[in-house]
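Visitor: Could you take me on a close look at the ligand site in this one, and then walk outward from there through the rings and strands?

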Amino acid sequence: MATVPMEPGETTKWQPAPGRLSAPTTPVDDLYVIGHFGIAHVPADDWGLRVDGLVERPLRVGLAELRAMPSVTVQAVLECFGNPLRPDEPTRRAGNVEWRGVPVAAVLDQAGAPGRGSLWAAGLDSGVFDGTPCTEYLKDLPLDVVRERGVLAYEMNGAPLTAEHGHPVRLFVPGYFGTNNVKWLRSLTVADHRPEHLFTTTLYLRTAPGGTTPEPVRDLDVNSIITDVRSGDRGPEVRGWAWSSSEIVGVDVAVVRRGAPDAGDGWQDADLGPVVGGPYGWRRFTASPGLASGADEVTARARDAAGRHQPLRGARNACHVVAVRDAADPRT
Ligand SMILES: Nc1nc2c(c(=O)[nH]1)N[C@H]1C(S)=C(S)[C@@H](COP(=O)(O)O)O[C@H]1N2
Ligand SMILES: [Mo]
């Protein structure tokens, strides 16, 4: 199947207000949507996934064949890295979804793919992004990681994927940023080098602190979102979710003054719930940080087992700050 006709238009972006993310499993209707070229509508009947490149037996799998293979279910966070043209801007697009599909390893084995290499994943969508025409959406991923935990997902929360989220099949790699989870998946190509493409070697790159070479954005950062702020007897009660590519070990919550999100030593250790889903699911945090005079906002700061914590400001995963006066309506 060649690329599918796209409705003329530009990037599709939709996201819910944080107040809609309070459920442990994010309903699909409340999950943000990103399509760089808009939304592709792919007929399931003649859909097939091509597996080719440096494999012993190039193959094509149809949807019925895929659904007949042993499946796995994993619950994990899907999070957008953010606008690749403004990579330091927090967008707080995330959800925790139950994914069902076939391990990518199963089709790689059928095709006789090697254990390591570069896996190019292409989508059926095409169009112009930031002035650059693209014949497909393309990402490349480390083959060994995709083998270990990648899924060819055909269901979210027990229902077939919707067009917005990649029907009929998308790639999902738990613990990786959304940009890698190619929707409307068309092909997987094994190679020994990275492909040059707008979405692989131009955009979605960043240099680690202290590093010198820009690397593709893959592993999730440590991050959190405040979903509820309720007025309680002893100040606001704050709830939200924290996640990372490694285990969340703590979340600190503080009340702060508008325009000065610096809590000093006013941070309070939040209570943590269990991980919702697999190792890349999110964890609930709950805290009642009191209300200092003059303070009118609350903020949360997550830490992970890799020793990372959210920056206070100036980064895509900077601490979320929510006004206390909006407690009755946390949708701001
Ligand atoms: N084919 C294709 N896959 C794609 C994209 C796209 O534009 N085209 N956008 C990516 C980005 S940046 C994100 S954050 C997620 C969003 O998935 P969702 O729309 O299901 O929430 O899809 C990723 N997969
Ligand atoms: Mo994204």
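Guide: Sure. Start with Arg 170: an N or O atom in its side chain is 2.7 Å from an oxygen atom of ligand 1. Keep in mind that this is a predicted model, so read every distance here as computed from predicted coordinates. His 36 also reaches ligand 1 through its side chain, where an N or O atom is 2.7 Å from a ligand oxygen. With Ile 34 the backbone does the job: one of its polar atoms is 2.9 Å from an oxygen atom of ligand 1. Zoom out a bit and there are 19 residues around ligand 1, of which Tyr 32, His 36, Asp 125, His 165 and Lys 183 come nearest.

Now for the rings. The model holds nine aromatic pairs, counting ring centres within 6.5 Å. Take Phe 129 and Phe 199: their centres are 5.5 Å apart and the planes meet at 50 degrees, which makes the pair tilted. Phe 129 belongs to strand E8 (residues 127-129) and Phe 199 to helix H4 (residues 198-202), so this pair links distant parts of the chain, 70 residues apart. Both Phe 129 and Phe 199 are buried. Trp 243 and Trp 282 give you another tilted pair, at 5.9 Å centre to centre and 50 degrees between the planes. Because Trp 243 is in strand E18 (residues 235-243) and Trp 282 in strand E22 (residues 282-287), that pair ties together parts 39 residues apart in sequence. Trp 243 is buried with a relative accessible area of 2%, and Trp 282 is buried too, at 0%.

Back to Phe 129 and Phe 199 for a second: ring pairs link them with Phe 37, Phe 81, Tyr 137, Phe 177 and Tyr 204 into a cluster. There's also a charge over a ring to look at, with Arg 149 lying over the face of Tyr 176, 5.3 Å from the ring centre.

Trp 243 leads on to Ser 224, since the two are in contact. Ser 224 sits in strand E17 (residues 223-232) and is buried, with a relative accessible area of 1%. Its side chain makes a polar contact with the side chain of Gln 310, at 2.6 Å. Beyond its neighbours within four places in sequence, Ser 224 is in contact with residues including Arg 92, Trp 241, Phe 285, Ala 300 and His 320.

Last stop, a sheet. Four strands make up an open sheet in the order E20-E19-E23-E24, with antiparallel pairing. E20 and strand E24 (320-323) are its edge strands, each pairing on one side only. Strand E19 (residues 248-256) is mostly covered, with eight of its nine residues buried. Eight bridges join E19 to strand E23 (residues 297-304), and the two run antiparallel; within that pairing, Ile 248 has Asp 304 as its bridge partner in E23. E19 also pairs with strand E20 (residues 268-269) over two bridges, again in the antiparallel sense. Here Asp 252 has Asp 269 as its bridge partner in E20, while Val 253 stands opposite Gln 268.

Methods. Residues are numbered from 1 along each chain as its sequence is written. Chains are lettered from A and ligands numbered from 1 in the order in which they are written. This is a predicted model: local features need pLDDT of at least 70, side-chain atom pairs count only at pLDDT 80 or more; totals for chains, interfaces and linings use all residues. Side-chain values use heavy atoms; hydrogens and water are left out. Rings of Phe, Tyr and Trp (its six-membered ring) pair if their centres lie within 6.5 Å; planes under 30 degrees apart count as stacked, over 60 as edge-to-face and the rest as tilted. Buried means under 20% relative accessible area, exposed over 50%, partly exposed in between (1.4 Å probe, protein chains only). A charge sits over a ring if NZ of Lys or CZ of Arg is within 6 Å of the ring centre and within 35 degrees of the ring normal. Two strands pair if DSSP finds at least two bridges between them. A polar contact is a pair of N or O atoms within 3.5 Å; within protein, one must be able to donate a hydrogen and the other to accept it, and residues adjacent in sequence count only if both atoms are side-chain atoms. Contact means heavy atoms within 4.5 Å. A residue is near a molecule or strand if one of its heavy atoms lies within 4 Å of it.
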